[in-house]
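Trainee: Before we talk about this model, I would like to understand how each label attached to it is justified.
Mentor: Then let us take the labels one at a time and set each value against its rule.
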Amino acid sequence: MKILLFSPSFGAYGGIEAFVMRLAKHLAATPGVELRVRFKLQPGSPFEPLRALFAKEGLDVSCLGKWSPALAREFIWPDLIHTQNVPPVVTLASILLGKPFVSTLHNRFLGASGPRGWLWRLGLRKAARVWFNSAFVMRSWGVNPDDRRLSVVPTICDLDFTTQP
């Protein structure tokens, strides 16, 4: 199975990056899994320290910018997309390309209105499976707790401090 791990980042090794690293190491060691890790950096964020950290672990990692043909090609490759949060670009690519995606939600829903908020909620509805990193985050999204696609799973990272930059 070809899996794309897609995550936003500010370029520094933090909570989401630690979670992605741990998940990527697990998936890369799973027989039959081909893995790519792609970070969508916020403008002005450095990538080299993060790239070096993931490359040191032998992981296929790169940085993507805003919507572009290169970004679109990344979504054609996998059988499954695992995203951190539910960015609208993943929701739209999944719908257009017929690709299933799952998501780990790390952030509370701030009640965004307009197209952006609508797209975030659409992503939550379209995801095949969603893991919230806490009950607080799950409640903030106002979801039906009986929805079997949704669950709370704390995102525990690898506390091996030798892997940090």
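Mentor: The model is a predicted one, and we can begin with burial: a residue is buried when its relative accessible area is under 20%, exposed when it is over 50%, and partly exposed in between.

Trainee: What makes R51 count as partly exposed?

Mentor: R51 has a relative accessibility of 30%, and since partly exposed is the class between 20% and 50%, R51 counts as partly exposed. The residue E48, at 45% relative accessibility, likewise counts as partly exposed.

Trainee: How do you know that the side chains of R51 and E48 meet in a salt bridge?

Mentor: The rule asks for a side-chain nitrogen of Lys or Arg within 4 Å of a carboxyl oxygen of Asp or Glu, and for R51 and E48 the distance from N to O is 2.7 Å, so the pair satisfies the rule. Both residues lie in helix α2, which covers residues 48-56, and they are three residues apart, about one turn of the helix.

Trainee: Which other side chains meet in a salt bridge, with 3.0 Å from N to O?

Mentor: Those are the side chains of D147 and R149. D147 counts as partly exposed at 24% relative accessibility, and R149 is partly exposed with a relative accessible area of 23%. By this rule the count comes to seven salt bridges.

Trainee: Why is the salt bridge of E74 and R38 said to tie together parts that are apart in sequence?

Mentor: The side chains of E74 and R38 meet at 3.1 Å, N to O, and because E74 lies in helix α3 whereas R38 lies in strand β2, the pair ties together parts that are 36 residues apart in sequence. Both of these residues are buried, and salt bridges that share partners join R36, R38, D60 and E74 into one network.

Trainee: What makes you say that the buried residues of α3 line one face of the helix?

Mentor: The buried residues of α3, the helix of residues 69-76, are L71, E74 and F75. Seen down the axis of α3, these buried residues fall within an arc of 95°, so they line one face. The face turned away from that buried side carries the exposed residues P69 and R73, while what covers the buried residues includes β1 (2-9), β2 (34-41), β3 (61-64), β4 (80-84) and α4 (88-97).

Trainee: Why is the phi of N85 worth a remark?

Mentor: Most residues other than glycine have a negative phi. N85 is not a glycine, yet its phi is positive, at about 70°. The residue sits in the loop between β4 and α4, and at 4% relative accessibility N85 counts as buried.

Trainee: How many residues of each class are in the lining of the second largest pocket?

Mentor: The lining divides into nine nonpolar residues, three polar and no charged. Among the residues that line this pocket are F19, L23, L27, H82, T104 and W131, and the pocket has a volume of about 180 Å³. The elements that give two or more residues to the lining are α1 (15-28), β4 and β5 (101-105).

Trainee: Which element gives the largest share of that lining?

Mentor: The largest share, three residues, comes from α1.

Definitions and conventions
Residues numbered from 1 in each chain as written. Predicted model: local features only at pLDDT ≥ 70, side-chain atom pairs only at ≥ 80, totals over all residues. Heavy atoms only, no water. Buried < 20%, exposed > 50% of the residue type's maximum accessible area, 1.4 Å probe, protein only. Helix = DSSP H or I, 4+ residues; strand = E, 2+ residues; numbered from the N terminus. Arc of directions from axis to C-beta. Contact = heavy atoms within 4.5 Å. 1 Å grid on protein atoms, 1.4 Å probe; cavity = no way out; pocket = protein on both sides within 12 Å on 5 of 7 lines; lining within 4 Å. Points joined across faces, edges and corners; volume = space filled by probe spheres on them. Nonpolar A, V, L, I, M, F, W, Y, C, P; charged D, E, K, R; others polar.
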